[in-house]
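Biologist: Please show me the model. I would like to know how its labels are earned.

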Amino acid sequence: MKSKKIAIMGLGTVGGGAYDILAANREYIKSTQGVDITVAAILDRDKAPLEKRGIDSSLFCDSVDKLAADPDIELVIETMGGVEPAKTFITKLLKAGKSVVTANKELLAKHWSELEPIAKQNGCGLYFEASCVGGVPIVRALGESFQGDKVKSVYGIINGTTNYILSKMSSEKLDYGQALSEAQALGFAEADPTSDVEGYDAAYKLSILASLAFHTCIPYTDIYREGITKITSQDIYNAHALGYEIKLLAIGKRDGNDVEARVHPVFVPSDHALASVSGAYNAVYLNGDHVGDLMFYGAGAGAHPTGSAIISDVIKALEGKPTYCDFENSGKFGKDINFINDFESGYYICFTVDDKTGVLSKISTVLSDNGVSIKSAIQRTGKADTATLLFLTHKAREHAVMHALDTIRKFDTVRSIDSIIRVL
Ligand code: NDP
Ligand code: HSE
């Protein structure tokens, strides 16, 4: 039986979840994996998180330098979050030859290309299953299960907080603020929930997943990103009336050298499997040229599901056979990649207009002049001589739709363009 000592930096939701799993399943892991893992040190701001869990305060460590210098500690879990000081701490640990297991997608999306070479030079590993899609083992699957396939698409719901909020707004008519507070209380949300609700968290994860899937760096800064803060209960009502649910999707596609990556709310047909993924659950569809369609589904956030991904990485890392990216991890697109900003989609567009003859026809003409074909249109009488117009379009190019809307926005008879949501 091997005995291994590890440390945890950040004993919050995820770090605490990982600690709980090691405590609960230590004997089971010994018997099935042949390794006895002990948490020998815990770094946090103070001892309070240790005391809260009844952990001996002698395990408290106030400096990463002590962890780096401790010859008994082989591996460190980083679950503090944020870029700094996590980046400095991880760099010190890798330079000291200690493998690191992290759940920190923001740090990876921003600095993976700098950290991986340090791990490589020092013969240790940087593991990050927990950074994407919580307890769902998608990172390992992308790295180890599709070597013979060209992955053509990877898309789905990859942020638990926004899915929780949208589900609660849809099924319980909760207002946005109340649903967000619940997600925070349950530990799903980031320290700054702007990262979740404005789509940054999903863009970080998509950057990691699409890079692994397409074997080339997909910088998160190039990913089109739109969050859920503009989604209203009226949008959800209209979506239901038209037979859809609204979901925040992350979409990555590769066709030859053409690559697309975007995060935004989407009208998903109510009978599509993604429409019934609710709460903090996530689901990712993957299509490979030979394996065909696969769906990965499970808890995308939370202490124990994410802790499970951390412990799986810890056990893998302790085998001492680190692997690295099979593509040039430069942080930039590969030279051959053609990144597509002008993607194709269906659109839901909602206008408030003057309730006058000819307004609908004028809007339809501009859409048609820009090559945007209308699939269906609904007019509802609104307040004070206004009408609401709801359009669903056939597939159209993003730039064509935006160009048409720039023209329509200037019409005196158009009071506002209330919503533009892409349709799956
Ligand atoms: P928490 O805020 O619950 O936990 C972070 C812990 O680290 C807290 O105890 C925090 O202390 C401590 N900490 C933060 N900064 C420092 C620092 N500079 N020095 C010492 N201690 C520090 O966060 P989560 O567990 O939710 O998230 C941790 C990471 O896991 C993030 O990268 C997040 O993106 C990722 N993640 C989170 C998931 C989730 O469901 N919550 C799921 C998947 C990934 P204090 O509270 O005093 O700031
Ligand atoms: N804040 C993230 C989410 C945590 O809600 O999905 C899991 O990565």
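Modeller: The shell around ligand 1 has 8 nonpolar, 9 polar and 4 charged residues. This is a predicted model, where local features need pLDDT of at least 70, side-chain atom pairs count only at pLDDT 80 or more, and totals for chains, interfaces and linings use all residues. Residues are numbered from 1 along each chain as written, chains are lettered from A and ligands numbered from 1 in written order, and side-chain values use heavy atoms, without hydrogens and water.

Biologist: What makes a residue charged here?

Modeller: Asp, Glu, Lys and Arg count as charged. Ala, Val, Leu, Ile, Met, Phe, Trp, Tyr, Cys and Pro are nonpolar, and the others, Gly among them, are polar.

Biologist: Which of the 21 residues around ligand 1 come nearest?

Modeller: Asp 44, Lys 105, Gly 187, Glu 190 and Gly 302 do. Being near takes a heavy atom within 4 Å.

Biologist: What makes the pair of Glu 190 and ligand 1 a polar contact?

Modeller: The cut-off is a pair of N or O atoms within 3.5 Å. A side-chain N or O atom of Glu 190 is 2.6 Å from an oxygen atom of ligand 1, so the pair qualifies. Lys 105 also qualifies, with a polar side-chain atom 3.2 Å from a ligand 1 oxygen. Thr 13 uses a polar backbone atom, 2.9 Å from an oxygen of ligand 1.

Biologist: Why is the pair of Tyr 281 and Tyr 297 called stacked?

Modeller: Rings of Phe, Tyr and Trp (its six-membered ring) pair if their centres lie within 6.5 Å, and planes under 30 degrees apart count as stacked, over 60 as edge-to-face, the rest as tilted. These two have centres 5.3 Å apart and planes at 15°, so they are stacked.

Notes:
A polar contact is a pair of N or O atoms within 3.5 Å; within protein, one must be able to donate a hydrogen and the other to accept it, and residues adjacent in sequence count only if both atoms are side-chain atoms.
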